[in-house]
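User: I'm new to reading protein models and would like a close look at one part. Could you take me through a place where two helices meet, and what sits around it?

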Amino acid sequence: MARAFLIVIDSVGIGGAPDADQFFNGDLPDTGANTVAHIAQTAGLQVPVMDALGLGAAVKLASGEDAPGMGTAPTGGWGAATEVSQGKDTPSGHWELAGVPVPWDWHVFPDAQPAFPDEVVAQICAAAGTDGILGNRHSSGTTIIEEEGEAHLKTGWPICYTSADSVLQIAAHEEHFGLDRLLKLCADIAPVLHEMKVGRVIARPFVGEPGDFKRTGNRKDFAIAPPSPTICDYVHDAGRKVYAVGKIGDIFSMRGIDDLRKGRDDALMGHISDLVDEADDGALVFANLVEFDSEFGHRRDPKGYAGHLEWFDAELGRILPRLRSDDLLIVTADHGNDPTWSGTDHTRERVPVLVHGIGARELGQLAFTDVAASIAAHLGVKYNGEGRSFL
């Protein structure tokens, strides 16, 4: 029985979003942002496996730009997908890829200090058992840990911060504050934030001492649940198995998920490789690889981003020949995060849709929801969500 593998390489956008002028990094609109093309232009990029699937062609289709080092005649299915949800964040992108555009406007916190209203701060303090919080502003996670980590060790107060996304992040030391305590704190306040239509509360544990703090792999997202069934629900309800790799379990609040595998990206690729052999007939393997975004996009590191793309490309090249003849594999993204762009936030972009298992085919301009509709068609499961199959 046919299986489907959906791999989201987080933030690997290809430019060309028609509404990019409505999304900003600071005062600069995202018009012209292009994660893949600008990495290739500034750092150089050799990704022959994805280019053979159609990545270079998809960049050209999405944005009209050429990505240096790409241009192979595609042997896979390829297209460019455009998002309609009014957000350039992880839940919006993943939900829409899974068939559910976001039906509301997310609540975002102002880029001011303090960023959080007094009632939210009071809720955090009550749940944490502290007299206050640290941070309370927009920041990158690594920066705020460097700036507030020492005070956190002295006071025991959690470090709370946000960004242009609809998110409240809480950083705390795994040993001094306690990992279980941090996770419970985030779980306890998440319903309050979800009621405000804040998409995620994220636990951001770290270790180390002042001058040498490092985030750990024990991050956990407490995301608001999708408002209607996703492709995970449809596959699960059909009696098939859904394997979640990476953040997928968190993003979908474990709804419709049967098996969860986590870790850093290198471990996650190992899980995907294992599932090529282990996944049940008729299953969906849904994976997110986050380090493109968290380690390189937000940190505006084109060279590091290029290296991670080249690493993934080589790993993908080892997986594709091992797939069954009736397996479908789709590589796509949830938004952009152009590491050459101003600011540190995501960028509003179209995303590639690269398909192994359907032969060489130009898919054209797609909707994010077409990914879910196509997976349902391939697996032969009932689907009442949005989108049209490109199969």
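Analyst: Here is a walk through one helix pair, followed by the cysteines and some salt bridges. Keep in mind that this is a predicted model.

Start with helix α5 (residues 118-128) and helix α7 (residues 174-195), whose axes come within 9 Å and cross at roughly 140°. The crossing of α5 past α7 is right-handed. On the α5 side, the contact is made by Gln123, Ile124, Ala127 and Ala128, while α7 brings Arg181, Leu185, Asp188, Ile189 and Val192. Sorted by class, this contact of α5 with α7 holds 6 nonpolar, 1 polar and 2 charged residues.

Now to the cysteines. Cys125 is buried, at 11% relative accessibility, and Cys160 is buried too, at 0%. Why is there no bond between Cys125 and Cys160? Their sulfurs are 7.8 Å apart, which is too far, because a disulfide needs the two sulfur atoms within 2.5 Å. The disulfide count is 0.

Salt bridges, in contrast, come to a count of 22. One of them joins the side chains of Arg219 and Asp221 at 2.7 Å, N to O, and both Arg219 and Asp221 are buried. Another pairs Glu315 with Arg318 at 2.9 Å; these two lie 3 residues apart in helix α12 (residues 302-319), about one turn of the helix. Glu315 is partly exposed, at 23% relative accessibility. Arg299 and Glu295 also meet in a salt bridge, at 3.4 Å. Here Arg299 is partly exposed at 39%, whereas Glu295 is buried at 19%. Finally, look for Asp19, Glu83 and Arg348, which are linked in a network of salt bridges.

Definitions and conventions: Residues are numbered from 1 along each chain as its sequence is written. This is a predicted model: local features need pLDDT of at least 70, side-chain atom pairs count only at pLDDT 80 or more; totals for chains, interfaces and linings use all residues. Side-chain values use heavy atoms; hydrogens and water are left out. Axes are lines fitted to C-alpha atoms, for helices over the stretch in contact, and angles run from 0 to 180 degrees between N-to-C directions. Helices (H or I, at least four residues) and strands (E, at least two) are DSSP runs, numbered from the N terminus. A crossing is left-handed if the near helix is turned anticlockwise from the far one by less than a right angle, and right-handed if clockwise. Contact means heavy atoms within 4.5 Å. Ala, Val, Leu, Ile, Met, Phe, Trp, Tyr, Cys and Pro count as nonpolar, Asp, Glu, Lys and Arg as charged, and the others, Gly among them, as polar. Buried means under 20% relative accessible area, exposed over 50%, partly exposed in between (1.4 Å probe, protein chains only). A salt bridge is a side-chain nitrogen of Lys or Arg within 4 Å of a carboxyl oxygen of Asp or Glu.
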